[in-house]
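Visitor: I should like to learn how to read the features of a protein model. May we go through them one by one?

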Amino acid sequence: LKGWWYTACALACIACVALVLLTCLSTYDHEDAHAYSAYAFFILMAVALTIFSATSTAIHHAETNTLPPNTAPLNSALPSMAPLWRLKLAITAIFWVSFLIYLPVGLAINCAWVRLPIDSDYCARHEDFCEDMALPEGDDAGGSCEEPPCTKLWDYSDCPGTNLMRSISQLFCVVLLIGFQATFVSENTVLFSQKQAMGIWDGSSV
């Protein structure tokens, strides 16, 4: 189990590198790198969450099975980490649903990505901003500017429902990742409480 746990940690660390690249690379100057960094981040985190949840569940059941039949766990009055593995499983399951909607399903049914034209309704309301974001003359952004002149911005007006669905599912993924991380904080808090109550840890060091 330790090996699987370290594997999940390694995948999460690699995902953080992809997240940094995703943040630093713009969709205009590095369109493909930005997209692939996003894909890598969410795929790696989906796998990492699955391994973390599986190992947490295995550890919980292994500890339970070591007790004699009809024996209550020691120090049962202390806070327990038992509910957290169930929470990990629930978060992982919801994450996978959101992830599948965001990437494979969302990409399959989404419209082609095109740049926002200068003569769009949005630019009519935000002329100064669109002028600042305008593509250089003669630049069709790799063919994504179908009605030149265009801006560096993406036009989501052709498929508003699909893009909204993908945005919401992406937000769910991010929030669930934060929630999953919080379970580790809760586990540490419970573990320290148990050790302190048993006199193993006096609070002077971690």
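Visitor: In which helix does phenylalanine 172 lie?

Guide: The model is a predicted one, and in it phenylalanine 172 belongs to helix α6.

Visitor: Is phenylalanine 172 buried, partly exposed or exposed?

Guide: Such a label rests on relative accessible area: under 20% is buried, over 50% is exposed, and partly exposed is in between. Phenylalanine 172 has a relative accessibility of 45%, so it counts as partly exposed.

Visitor: Which residues form the nonpolar patch on the surface?

Guide: A patch of this kind joins nonpolar side chains within 5 Å, from residues with over 30% relative accessible area. Here Ile94, Leu164, Ile168 and Phe172 make up the patch, and together they have about 380 Å² of accessible area. Helix α6 is the element that gives the most to this patch, with three residues.

Visitor: How should I read the other residues of α6, such as serine 167?

Guide: One may take the label first and then a distance across the fold. Serine 167, placed in helix α6, has a relative accessible area of 42% and is therefore partly exposed. Between the C-alpha atoms of serine 167 and isoleucine 101 there are 9.9 Å in space, while 66 residues set them apart in sequence. Glutamine 181 is also found in helix α6, and its relative accessibility of 46% makes it partly exposed. From glutamine 181 to leucine 49 the C-alpha distance is 9.8 Å, with a separation of 132 residues in sequence.

Visitor: How many helices and strands does the protein have?

Guide: The secondary structure comes to six helices and two strands. Along the sequence, these elements follow the pattern α-α-α-β-α-α-β-α.

Visitor: In what sense do strands β1 and β2 pair?

Guide: Strands are read as paired if at least two bridges are found between them. Strand β1, residues 114-117, pairs with β2 in the antiparallel sense over three bridges. One may follow a single bridge: valine 114 has aspartate 155 as its partner in β2.

Visitor: Why is β2 described as largely enclosed by the rest of the structure?

Guide: The reason lies in the labels of its residues: five of the six in β2 are buried, so the strand is largely enclosed. For the protein as a whole, buried residues make up 33% of the 206 residues.

Visitor: How many salt bridges does a search of the whole structure find?

Guide: One looks for a side-chain nitrogen of Lys or Arg within 4 Å of a carboxyl oxygen of Asp or Glu. The search of the whole structure finds one salt bridge. It joins the side chains of glutamate 31 and arginine 115, at 3.5 Å from N to O. Glutamate 31 is in helix α2, residues 31-65, and arginine 115 is in strand β1, so the pair ties together parts that lie 84 residues apart in sequence.

Visitor: Are glutamate 31 and arginine 115 buried or exposed?

Guide: Glutamate 31 counts as partly exposed, at 28% relative accessibility. Arginine 115 has a relative accessible area of 2% and is buried.

Visitor: Which residues gather in the patch of negative charge on the surface?

Guide: Asp and Glu are the residues that count as negative. The patch is formed by Asp119, Asp121, Glu146, Glu147 and Asp158. Aspartate 158 is located in the loop between β2, residues 150-155, and α6, residues 160-197. With a relative accessible area of 57%, aspartate 158 is exposed.

Visitor: What should I look for in the backbone of the loop between α5 and β2?

Guide: Two backbone angles deserve attention, namely phi and omega. Alanine 141, in the loop between α5 and β2, has a positive phi of about 55° although it is not a glycine. Alanine 141 is buried, its relative accessible area being 12%. Proline 149 has its place in the loop between α5, residues 127-132, and β2. The peptide bond from proline 148 to proline 149 is cis, with omega near 0°.

Visitor: Where is glutamate 131 placed?

Guide: Glutamate 131 is in helix α5, and at 55% relative accessibility it counts as exposed. Its C-alpha atom is separated by 7.9 Å from that of isoleucine 118, a residue 13 positions away along the chain.

Definitions and conventions:
Residues numbered from 1 in each chain as written. Predicted model: local features only at pLDDT ≥ 70, side-chain atom pairs only at ≥ 80, totals over all residues. Heavy atoms only, no water. Patch = residues over 30% accessible without salt bridge, like charges linked within 9 Å, V, L, I, M, F, W, Y side chains within 5 Å. Areas by Shrake-Rupley, 256 points an atom, 1.4 Å probe, with all protein chains shown as cover. Charge placed at Lys NZ, Arg CZ, Asp CG, Glu CD. Helix = DSSP H or I, 4+ residues; strand = E, 2+ residues; numbered from the N terminus. Buried < 20%, exposed > 50% of the residue type's maximum accessible area, 1.4 Å probe, protein only.
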